[in-house]
Amino acid sequence: MRIVGLSGGRRSGNNELMLKTALAAAKQVCGAELEIIRLQDLKLRDCIGCETCMRGLTTGGDGLCVVRDDDMPWFSAAVKEADALILATPIYDLIPTGTVVTLLNRVLGIGKEYQTYCRTHPKIGAAMALGGSDWINLTEPLMDLTVRNLSKGSVIVDKFVVGHNPAPSMVVLDEAVLERAALLGRRVGEALMDREHAGFAGDSGVCPACHCNLLEPRGGARVGCPYCDAEGTAVIRDGSLVVEWDADKVRDNRFGPAGDAHHRADIAASHKKAGENRERIRQRVQELEDFDGVFVQPPKRDPSTTKE
Ligand SMILES: Cc1cc2nc3c(=O)[nH]c(=O)nc-3n(C[C@H](O)[C@H](O)[C@H](O)COP(=O)(O)O)c2cc1C
């Protein structure tokens, strides 16, 4: 049994210390081998938007990213057969760090073989994030999506987000946060010991489908979860705002089989529209080529003097 921790922050920084605490607690429960990959050690190029991976996934190809000269192939091999993944990410500008977001974008091209392996060998997943202040509100969906996409078909058993720890390693002063990280680790360990009954054991959150705490207005009293797309009606009950969730919208959320099918159909319909209007697109692009301005580019660098 092997648990891989993904450390998104500074070396021995707050998130890494939470991660080590969680991993140690998991090992006490299930005896798993532990590994940590520091995401800052990876050389990951940005997704270039070529859509080769998506075309591959929908047309019988391997779904692999065309960018192969960085650490993504190594990374996917290193995590593919892990039994559990635990992500710990700092919060930068309300969301996980750019390193984590770059990884998330590149996971789209991780390949069909990896995805199939994960679906047939479901991982246990968990995620946590720590920031320096109370600017933490948009982090949860992206950290959740990173673990979810790295382990399609996984069971995410716990997640939490905390703030107010800006200085390096100061989280050691906060026993409550370290105990919360240990609890997350124990939940991962327990899920690994009893995979059949593994389920989400963290804080329930406002959304019953993904357990996030975000809501968006959707006209009148209708509200939705911007992350998983569950929907319901907001009502005031005993002076409190509560949501009466639609059972079908919760069941058919973005991450279930129906949500997946809807997403694929949605993208296919848009590509069909583009295909049917190829000539019109070409003409409009041509017209817009001649814009009254210039493309401004940075100076060319000498690769021999550029630091990696
Ligand atoms: C560029 C940058 C942006 C940041 N933005 C936020 C933020 O929006 N919210 C927050 O709570 N902390 C923010 N922080 C603080 C870090 O999340 C905090 O220092 C954290 O402890 C770093 O984690 P680490 O020690 O695991 O690397 C930011 C830090 C940096 C460097």
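**From the ligand shell to the C-terminal strands**

In this predicted model, 21 residues surround the ligand. Gly9, Gly13, Pro90, Gly131 and Gly132 are the closest. Two elements, α1 and β3 (84-92), each give two or more residues to this shell. By class, the shell holds 9 nonpolar, 9 polar and 3 charged residues.

Next, the nonpolar interior. The largest nonpolar core has 54 residues. Ile3, Met18, Ala22, Leu85, Ile86 and Val188 have the most contacts inside this core. Helix α1 (residues 14-30) supplies the largest share of the core, 8 residues. Helix α1 is thus tied to two settings: α1 gives residues to the ligand shell and to the largest core.

Take Met18 as a case. Leaving aside residues up to four places away in sequence, Met18 touches Ala88, Met128, Leu130, Val171, Val177, Leu178 and Ala181.

A second core is separate and has 8 residues. Cys210, Cys225, Ala230 and Phe255 are among them.

Now the sheet. Four strands form an open sheet, ordered β7-β8-β9-β10. Their pairing is antiparallel. In general, strands of a sheet pair through backbone hydrogen bonds. β7 (216-217) and β10 (240-245) stand at the edges. Each has a single partner strand, so one side of each is left without a neighbour in the sheet.

What joins β9 to β10? Strand β9 (residues 231-237) and β10 run antiparallel and are joined by 6 bridges. Within β10, Val243 stands opposite Ala234.

Note on methods: Residues are numbered from 1 along each chain as its sequence is written. This is a predicted model: local features need pLDDT of at least 70, side-chain atom pairs count only at pLDDT 80 or more; totals for chains, interfaces and linings use all residues. A nonpolar core is a set of buried Ala, Val, Leu, Ile, Met, Phe, Trp, Tyr and Cys residues joined through C-beta atoms within 7 Å. A residue is buried if 20 or more other C-beta atoms lie within 10 Å of its own, exposed if 12 or fewer, and partly exposed in between; C-beta atoms are placed from the backbone. Two residues are in contact if their C-beta atoms, placed from the backbone, lie within 7 Å. A residue is near a molecule or strand if its C-beta atom, placed from the backbone, lies within 6 Å of it. Ala, Val, Leu, Ile, Met, Phe, Trp, Tyr, Cys and Pro count as nonpolar, Asp, Glu, Lys and Arg as charged, and the others, Gly among them, as polar. Two strands pair if DSSP finds at least two bridges between them.
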